[in-house]
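Let's take a walk through a protein chain together. Have a look at the sequence and the 3D picture before reading on.

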Amino acid sequence: TGKGTVLGVRQNAYSDYEVQIDHGNGYVTVYTNSGYPMLEEGVEVLKGTPIFYIGAENTLVKYQVSLDGALINAYDVMNIEG
């Protein structure tokens with residue numbers, strides 16, 4: 001999504017991994033995938049930084065955006081180019 005700091009990396013009850021990234025100004029994104037995370041807590045990331053090891057068995061990535069702790073529609077804050 002953009003520049004930020006990894007808040008946490010954890011495995012959830014479904015054996016998927018979740019990576020939370022703080023983008024500042026109250027924005028946090030959460031990425032969920034069954035592949036092993038490539039990041040750890042405290043790491044600074046940029047737009048395009050790889051988050052998971054992706055293979056044939058784990059191509060689906062769940063994506064959430066929150067503002068001040070409340071989920072928001074990601075399309076409302078995305079800059080789509082191309």
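What follows goes from the overall fold to the core and then to a handful of single residues.

## The overall picture

First things first: this is a predicted model. The protein chain has zero helices and six strands, so reading along the sequence gives you the pattern β-β-β-β-β-β.

How does the radius of gyration of the protein chain fit with a compact globule? With 82 residues, such a globule would come out near 12 Å, and the protein chain has 13 Å, which agrees. If you'd like a box to put the C-alpha atoms in, roughly 30 × 30 × 20 Å along the principal axes will do. Take the contacts between residues at least 6 apart in sequence: 42% of them join residues at least 24 apart.

## Surface and charge

Of the 82 residues in the protein chain, 30% count as buried. The accessible surface adds up to about 5700 Å², and carbon and sulfur atoms account for 51% of that.

Now for the charges. The protein chain carries 4 positive and 10 negative side chains. Even so, the centres of the two sets lie 2 Å apart.

## The nonpolar core

Which residues make up the largest nonpolar core? There are nine in all: Val-6, Tyr-17, Val-19, Ile-21, Tyr-31, Leu-39, Val-45, Ile-51 and Phe-52. Strand S2, covering residues 17-24, gives the most to this core, with three residues.

Ile-51 is a good member of the core to click on. Leaving out residues up to four places away in sequence, Ile-51 touches Val-19, Ile-21, Tyr-31, Tyr-36, Pro-37, Met-38 and Leu-39. Pro-50 sits in the loop between strand S4 (44-45) and S5. Once neighbours within four places in sequence are set aside, Pro-50 is in contact with Met-38 and Leu-39, and both of those also turn up among the contacts of Ile-51. As for His-23, its C-alpha atom is 16 Å from that of Pro-50, with the two positions 27 residues apart along the chain.

## Thr-32 in strand S3

Thr-32 is part of strand S3, residues 27-33. Is Thr-32 buried or exposed? Its relative accessibility is 10%, and buried means under 20%, so Thr-32 counts as buried.

What does Thr-32 touch, not counting residues up to four places away in sequence? Its contacts are Asn-12, Asp-16, Tyr-17, Glu-18, Phe-52, Leu-60, Val-61 and Lys-62. Two of these names, Tyr-17 and Phe-52, also belong to the nonpolar core. Thr-59 is 27 residues away from Thr-32 along the chain, and their C-alpha atoms are separated by 11 Å.

## Strands S5 and S6

Ser-66 has its place in strand S5. At 13% relative accessibility, Ser-66 counts as buried, because the cut-off for that is under 20%. Apart from neighbours within four places in sequence, Ser-66 is in contact with Gly-26, Tyr-27, Val-28, Leu-71 and Ile-72.

Over in strand S6 you'll find Ala-70. Its relative accessibility of 39% makes Ala-70 partly exposed. From Ala-70 to Thr-32, the C-alpha atoms are 18 Å apart, and the two residues are separated by 38 residues along the chain.

## Two loop residues with positive phi

Here's a bit of background for the last stop. Most residues other than glycine have a negative phi.

Ser-15 isn't a glycine, yet its phi is positive, near 65 degrees. You'll find Ser-15 in the loop between strand S1 (4-11) and S2. With 46% relative accessibility, Ser-15 counts as partly exposed.

Asp-68 isn't a glycine either, and its phi is also positive, at about 50 degrees. Where is Asp-68? Asp-68 lies in the loop between strand S5 (62-67) and strand S6 (70-72). Exposed means over 50% relative accessible area, so Asp-68, at 66%, counts as exposed.

Key: Residues numbered from 1 in each chain as written. Predicted model: local features only at pLDDT ≥ 70, side-chain atom pairs only at ≥ 80, totals over all residues. Heavy atoms only, no water. Helix = DSSP H or I, 4+ residues; strand = E, 2+ residues; numbered from the N terminus. Rg over C-alpha atoms; globule rule 2.2 N^0.38 Å. Buried < 20%, exposed > 50% of the residue type's maximum accessible area, 1.4 Å probe, protein only. Contact = heavy atoms within 4.5 Å. Areas by Shrake-Rupley, 256 points an atom, 1.4 Å probe, with all protein chains shown as cover. Lys, Arg positive; Asp, Glu negative; His and termini not counted. Charge placed at Lys NZ, Arg CZ, Asp CG, Glu CD. Core = buried A, V, L, I, M, F, W, Y, C linked by side-chain atoms within 4.5 Å.
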